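Good morning, and thank you for making time for this presentation. I should like to take you through one structure, beginning with its central strands and ending with a few unusual backbone positions.

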Amino acid sequence: MVFLLLGMSVQEAAAQRKKPSRRQPNIILIYADDLGVGEIGAYGQEKIATPHLDRLAKEGMRFTNFYTSTPVCAPARCMLMTGRHGGHSYIRGNYEMGGFADSLEGGQMPLPENTMTVARMLQRAGYKTGAIGKWGLGMHYNTGDPNRQGFDYFYGYYDQKQSHNFYPTHLWENGRYVSLNNPPFYVHDALKPATATDADYGKFKGKEYAIDKMTGKALDFIHRNAAGPFFLYLPYTLPHVSLQAPDSAVQAYVGKFAEKPYFGQ
């Protein structure tokens with residue numbers, strides 16, 4: 001019996017030596033803001049067409065038992081990045097700094113220096129790491145900067161208040177202010193139900209849609225790092241308010257749902 005076990009062990013070791021080294025998998029984690037569990041086709045949605053996400057789910061991994069211990073942005077993102085539950089999380093609420101205006105952009109409570117994030121862990125394993133979307137865990141000038149928290153590349157919104165507007169005046173790229181061709185406006189201005197017209201909604205539109213800009217950067221990151229391994233964290237702002245979308249996207253769904261006008265309430 002002892003000989004048999006030893007023989008099996010030697011055979012397994014020899015077989016292991018002959019196996020080619022496994023390539024580390026590329027990882028794309030899409031984190032959609034305020035998306036309901038049944039709102040894409042892979043989870044049962046029938047009216048909203050999500051063919052690309054459905055294909056990713058079919059060819060990749062589908063989460064069916066995935067929870068967060070806090071139902072608001074900053075702490076939920078902190079827990080996702082650190083693996084800590086609500087009782088041990090560094091950030092336990094949306095501690096807002098500054099305001100909605102560009103001049104008051106201040107972000108949220110930052111992650112502490114040298115936090116062990118999933119991005120830092122993967123960096124140490126040889127991964128190129130990118131975050132594109134809404135960060136919400138600090139600004140570029142403090143310890144919460146994603147470039148100081150394990151990400152080689154960042155593009156998008158640092159401040160989750162700014163991310164309420166999908167036609168912002170700017171986004172950020174590795175600490176650099178990137179202007180967009182959109183006029184400044186307060187996205188939470190309410191309309192008067194008694195007098196509002198379709199034309200009044202025009203002031204909430206711009207020329208450059210942040211979602212498209214971020215998707216372009218995500219594709220660039222994937223192409224640049226195609227040889228892998230890479231980790232791409234995509235915390236998209238959709239479908240969180242504000243309710244802004246290009247006309248072409250809206251037209252595809254006219255008449256499919258019972259609708260009521262939204263006046264900013």
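Let us begin with a pair of neighbouring strands in this predicted model. Strand β4, residues 128-134, runs parallel to strand β5, residues 153-157, and 5 bridges join the two. Within that pairing, Ala131 stands opposite Phe154 of β5, and Lys134 has Tyr157 as its bridge partner. Strand β4 also pairs with strand β8, residues 230-234, again in the parallel sense, here over 4 bridges. On that side, Thr129 has Phe231 of β8 as its bridge partner. In general terms, strands of a sheet pair through backbone hydrogen bonds, in either a parallel or an antiparallel arrangement. Is strand β4 mostly covered or mostly open? It is mostly covered, for 6 of its 7 residues are buried.

These strands belong to a wider arrangement. The sheet is open and has 6 strands, in the order β1-β8-β4-β5-β6-β7, and its pairing is mixed. At its edges are β1, residues 27-30, and β7, residues 176-179, each of which pairs on one side only. From one strand to the next, the twist averages 15 degrees.

Which helix packs on the sheet and touches β1, β4 and β8? That helix is α3, residues 73-82, and its direction makes about 165 degrees with that of β8. Helix α3 is itself mostly covered, with 9 of its 10 residues buried. Among them are Cys73, Ala74, Pro75, Met79 and Met81, together with Arg77. The buried residues of α3 pack against β4 and β8, and also against β3, residues 105-108, and α4, residues 118-124. After the helix comes Gly83, with a positive phi near 75 degrees.

I turn now to a residue in a loop. Thr115 is located between β3 and α4. Its relative accessibility is 3%, and because anything under 20% is classed as buried, Thr115 counts as buried. What does Thr115 touch, leaving aside residues up to four places away in sequence? Its contacts are Thr82, Tyr90, Arg120 and Gln149. Of these, Thr82 is one of the buried residues of helix α3.

Next, a pocket. The second largest pocket holds about 220 Å³ of space. It is lined by 16 residues, and the closest to its centre are Phe100, Asp102, Gln162, Asn165 and Phe185. By class, this lining consists of 9 nonpolar, 5 polar and 2 charged residues.

I come now to the backbone. As a general rule, most residues other than glycine have a negative phi, and most peptide bonds are trans. Which positions have a positive phi without being glycine? One is Asp34, with a phi of about 70 degrees. Asp34 is found in the loop between β1 and α2, the latter being residues 51-59. With a relative accessible area of 57%, Asp34 is exposed, because the threshold for that class is over 50%. Another is Asn174, with a positive phi near 50 degrees. Asn174 has its place in the loop between β6, residues 170-173, and β7. Its relative accessible area is 36%, and Asn174 is therefore partly exposed.

There are also cis peptide bonds to point out. The bond from Leu238 to Pro239 is cis, with omega near 0 degrees, and the bond from Val241 to Ser242 is cis as well, with omega near 15 degrees. Pro239 is placed in the loop between β8 and α6, residues 247-251, and Ser242 lies in the loop between β8 and α6 too.

Let me finish with the protein as a whole. How many helices and strands does the protein have? There are 6 helices and 8 strands, and along the sequence they follow the pattern α-β-α-α-β-β-α-β-β-β-β-α-β-α. The C-alpha trace spans about 90 × 45 × 40 Å along its principal axes. Of the 265 residues, 37% count as buried. Among contacts between residues at least 6 apart in sequence, 60% join residues at least 24 apart. The pairing of β4 with β8 is one case to look for in the view, with its 4 bridges between residues 128-134 and residues 230-234.

Technical notes. Residues numbered from 1 in each chain as written. Predicted model: local features only at pLDDT ≥ 70, side-chain atom pairs only at ≥ 80, totals over all residues. Heavy atoms only, no water. Buried < 20%, exposed > 50% of the residue type's maximum accessible area, 1.4 Å probe, protein only. Pairing = 2+ DSSP bridges. 1 Å grid on protein atoms, 1.4 Å probe; cavity = no way out; pocket = protein on both sides within 12 Å on 5 of 7 lines; lining within 4 Å. Points joined across faces, edges and corners; volume = space filled by probe spheres on them. Nonpolar A, V, L, I, M, F, W, Y, C, P; charged D, E, K, R; others polar. Axes fitted to C-alpha atoms, helices over the stretch in contact; angles between N-to-C directions. Contact = heavy atoms within 4.5 Å.
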